[in-house]
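Work through these short exercises with the structure in view. Try each task before you read its solution.

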Amino acid sequence: MTEITSYIQAFRFLAGNVSFQNAAAVTPSDTVNLSNTASALWIGSTGNIKVDLEGVGDGITFNALPVGLFRARITRVYATGTTASNIISMW
C-alpha cells in the first residue's frame, strides 16, 4: 500500500465519522439563510429538499431523500420545493 493510499483511506474514515457539536430544528424559508452553515441535515420524513449549498446559491433540489443523514454544506433550506419534514441542521 502506498503512502498516498494510506492518506486517502484515513481521510475517508475521518469524513465518514465526523461528529457534530450543535443542532437546531430547521424552518424552511425562501428568503432567510440558516443561522449557521450546516455540515449535514437530518431528514426526519422522506421527501424532496431544495437547498443552497455553500458554494452554490442558486437553489438545487434533491428528490426523494430517504429518512437519515444528508451530508452537505448547506446555507438555506427553501420552503418552496421542500416536501421532506422534521429537518434538523447539524454543524
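**Exercise 1.** Find the residue of β5 that stands opposite Leu53.

Solution. Leu53 stands opposite Ile74 in β5. Now place the two strands. β5 covers residues 68-77, and β3 covers residues 47-53. Three bridges join β3 to β5, and these strands run antiparallel. Two strands count as paired if DSSP finds at least two bridges between them. Strands are DSSP runs of E with at least two residues, helices are runs of H or I with at least four, and both are numbered from the N terminus.

Before going on, note the ground rules. This is a predicted model, where local features need pLDDT of at least 70, side-chain atom pairs count only at pLDDT 80 or more, and totals for chains, interfaces and linings use all residues. Residues are numbered from 1 along each chain as its sequence is written, and side-chain values use heavy atoms, leaving out hydrogens and water.

**Exercise 2.** Work out how β3 connects and pairs with β4.

Solution. Start with the link: a hairpin of two residues leads from β3 to β4. Next, the pairing: five bridges join these antiparallel strands. Finally, pick one pair: Ile49 has Phe62 in β4 as its bridge partner.

**Exercise 3.** Give the strand order of the sheet, then name its edge strands.

Solution. List the elements of the protein chain: one helix and six strands. From the N terminus on, they run α-β-β-β-β-β-β. In the open sheet, the strand order is β1-β6-β2-β5-β3-β4, with antiparallel pairing. The edge strands are β1 (23-25) and β4 (56-65), since each pairs on one side only. At the β1 edge, three bridges join β1 to β6 (residues 88-90). There, Ala23 stands opposite Met90. What holds such neighbours together? Strands of a sheet pair through backbone hydrogen bonds.

**Exercise 4.** Find which element gives the largest share of the largest nonpolar core.

Solution. First, the term: a nonpolar core is a set of buried Ala, Val, Leu, Ile, Met, Phe, Trp, Tyr and Cys residues joined through side-chain atoms within 4.5 Å. Buried means under 20% relative accessible area, with a 1.4 Å probe and protein chains only. The largest core has 14 residues; Leu41, Phe70 and Ile74 are among those with the most contacts inside it. β2 (38-43), β3 and β5 each give two or more residues. The largest share, four residues, comes from β5.

**Exercise 5.** List what Phe70 touches, leaving out residues up to four places away in sequence.

Solution. Contact means heavy atoms within 4.5 Å. Phe70 touches Ala40, Leu41, Ile43, Phe62 and Leu65.

Definitions and conventions:
Buried means under 20% relative accessible area, exposed over 50%, partly exposed in between (1.4 Å probe, protein chains only).
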